[in-house]
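Trainee: I'd like a close look at one part of this protein instead of a quick tour. Could you pick a strand and walk me through what surrounds it?

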Amino acid sequence: MGTAAALPLLVCLLCWTAVIVRSSHIVYPELQSLEAKEVDKELRTGYHFQPPKHWINDPNGPMYYKGLYHLFYQYNPKGAVWGNIVWAHSVSTDLIDWVGLEPGIYPSKPFDVNGCWSGSATVLPSGVPVIMYTGIDPDERQVQNVAYPANLSDPFLREWVKPNYNPIINPDQGINASAFRDPTTAWFGPDGHWRLVVGSKENMRGIAVLYRSRDFKKWIKAHHSLHAGLTGMWECPDFYPVAVAGMGSRSHRNGMDTAELHDAAVAKEVKYVLKVSLDLTRYEYYTVGTYDHAKDRYTPDPNFPDNDYGLRYDYGDFYASKSFFDPAKKRRVLWGWANESDTVPDDRHKGWAGIQAIPRKIFLSRSGRQLIQWPVEEVKSLRAKHVNVSNKAVKSGDYFEVTGFKSVQSDVEAAFAIKDLDKAETFDPAWRTNAQGLCHKLNSHVKGGVGPFGLWLLASGDLKERTAVFFRVFKTNDTAEHVVLMCNDPTRSSYESQIYRPTFAGFVNVDIAKNKRIALRTLIDHSVVESFGAGGKTCILTRVYPRKAIGDDAHLFVFNNGESDIKVTNLRAWEMKTPKMNAPEKI
């Protein structure tokens, strides 16, 4: 379960008295029930998912049912800090316009009287959707519960019933009852048994605890875990199949439903993804590997680091993610929570805290070496006024403004060509495991050989406020290969001194020498910058809080701070319309 324990809250020592309880939750008792009377809209996002006010965190139980997309999420209905958590509920026909409904799951029984934490949805073969979630019982134990729709004929699934036989999974003697949460979507094996995973830990060992069931009521812990690693507590695990390139007539870009895995022939032809959220670092990592159905063991492929240096969905502010299979468009869709990085007093003033990242289509690359993510195609429906820049050279030290549209709420696609790769700086192999540290050291203000080049966005006209999204290219000692670094650098994003402004970075798995080109797509939305490098190979989300570069005073520039000249072969930018976002309605 993603919690309020975000790094900014640890960095900023606030005047409020904080009480740390339940593992890593940071609770502000005097604030959690102070309802926001007004909402400050100055930095509020325009097209990212968020409720009208108050605190949100983890996405929960996303699914598609009878023509509607459902998203539940952790929500405080009484204030802009973590606390009083319920499963808020919204529905959409297109993942863009959302209608807010009454909470679907909330504390009401002894097995969840102290909280309804994160979980997942499973659609049974009969078409019945089931929610699995973590409840906090009177003894503060984390237990796993199930809920069913009260009325299957209601496509909005407004009401949910919790059977009295809950909890269906209790922490036994071998389980840490204070670190046992976030059940996955269940899958049905070729042997006729259901399976699911619950996140846990044993000292510093993160564990994906495996359970089996014949009837979805009685669950038995397997003798061994699905997988484990020495990375601390595993929150919000996600386990799902992905199609492999060359798999019959199926495109590797299509998603796969876990329901297909009862077919042993299909099950042998796919790869599997295990994603975990690391409570210690507040990052996530994933591996791709094989799953032995007979032995119930997952084994990552050798080229995937199985530790906190592993590949991430997103190298920025993106946590507690949850995916689901969309049967309407045969794709897997990923949701992720982006916390605030300003201060708790700021959140109280704004009246809101937390957003969900733009939903992303996710699939295995053709090479099988990583996952690819891209904003769902429906996002394009918000595109409005458009500007275009083509074949514009940017010499060393130069920059230019992209004019003719409002960039504060926009979608920008840019393609860059590099003139001289020979000017790339030499790459130190020690940097390989610390892209973020490298970006902090060689940020957008530090002149390089090839790069930094990219975008200055949410920038004031005098450039005193600006957020940089850029690439930097290095060469290895033998000069046969190049290493591409992608960074989001918000160190100059705001005049406000108390804001947490970390650089975020990841390496991009691309052969830059092949055609000396690289692409970038960035979604800009007032206080969020969501970037996709090289067609979605590397993704970084950053929260920023400009004080001057807001509204019509926010500008967009292309810059080059490297010795090598670059060319913007094409840049297309669109203003983005504001969708309907969670206004309560009678349906």
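Mentor: Let's take strand β22 and follow its neighbours, then its rings.

Some ground rules: this is a predicted model, where local features need pLDDT of at least 70 and side-chain atom pairs count only at pLDDT 80 or more, while totals for chains, interfaces and linings use all residues. Residues are numbered from 1 along each chain as its sequence is written, and side-chain values use heavy atoms, with hydrogens and water left out.

Strand β22 covers residues 331-338. Strands here are DSSP runs of E with at least two residues, helices are runs of H or I with at least four, and both are numbered from the N terminus. Is β22 mostly covered or not? Mostly covered: 8 of its 8 residues are buried. Buried means under 20% relative accessible area, with exposed being over 50% and partly exposed in between, using a 1.4 Å probe and protein chains only.

Now look at which way the residues point. In a regular strand the side chains alternate between the two faces of the sheet. In β22, Arg331, Val333, Trp335 and Trp337 point one way, while Arg332, Leu334, Gly336 and Ala338 point the other way.

Next, the partners. Strands of a sheet pair through backbone hydrogen bonds, either parallel or antiparallel. For us, two strands pair if DSSP finds at least two bridges between them. β21 (residues 319-326) runs antiparallel to β22, joined to it by 6 bridges. Find phenylalanine 324 and you'll see it stands opposite valine 333 in β22. The two strands form a hairpin with 4 residues between them, and lysine 330 in the turn has a positive phi of about 50°.

β22 has further partners. β25 (residues 360-364) is joined to β22 by 2 bridges, again antiparallel, and here leucine 334 stands opposite arginine 360. β24 (residues 355-356) also pairs with β22 in the antiparallel sense, over 2 bridges; alanine 338 has isoleucine 355 in β24 as its bridge partner.

Now zoom in on tryptophan 335. The structure holds 35 aromatic pairs, and tryptophan 335 is in one of them with phenylalanine 49. A pair of aromatic rings is described by the distance of the centres and the angle of the planes. Rings of Phe, Tyr and Trp (its six-membered ring) pair if their centres lie within 6.5 Å; planes under 30 degrees apart count as stacked, over 60 as edge-to-face and the rest as tilted. Why is this pair called edge-to-face? Because the planes of phenylalanine 49 and tryptophan 335 are at 75°, with ring centres 5.9 Å apart.

That pair links distant parts of the chain, 286 residues apart: phenylalanine 49 is in the loop between β2 (25-27) and β3 (54-65). Phenylalanine 49 counts as buried because its relative accessibility is 3%, and tryptophan 335 does so at 1%. The rings don't stop there, either: ring pairs link Phe49, Tyr73, Tyr75, Trp98 and Trp335 into a cluster.

So, to retrace the route: β22 is buried in 8 of its 8 residues, has β21 as a hairpin partner, and carries tryptophan 335, which is paired edge-to-face with phenylalanine 49.
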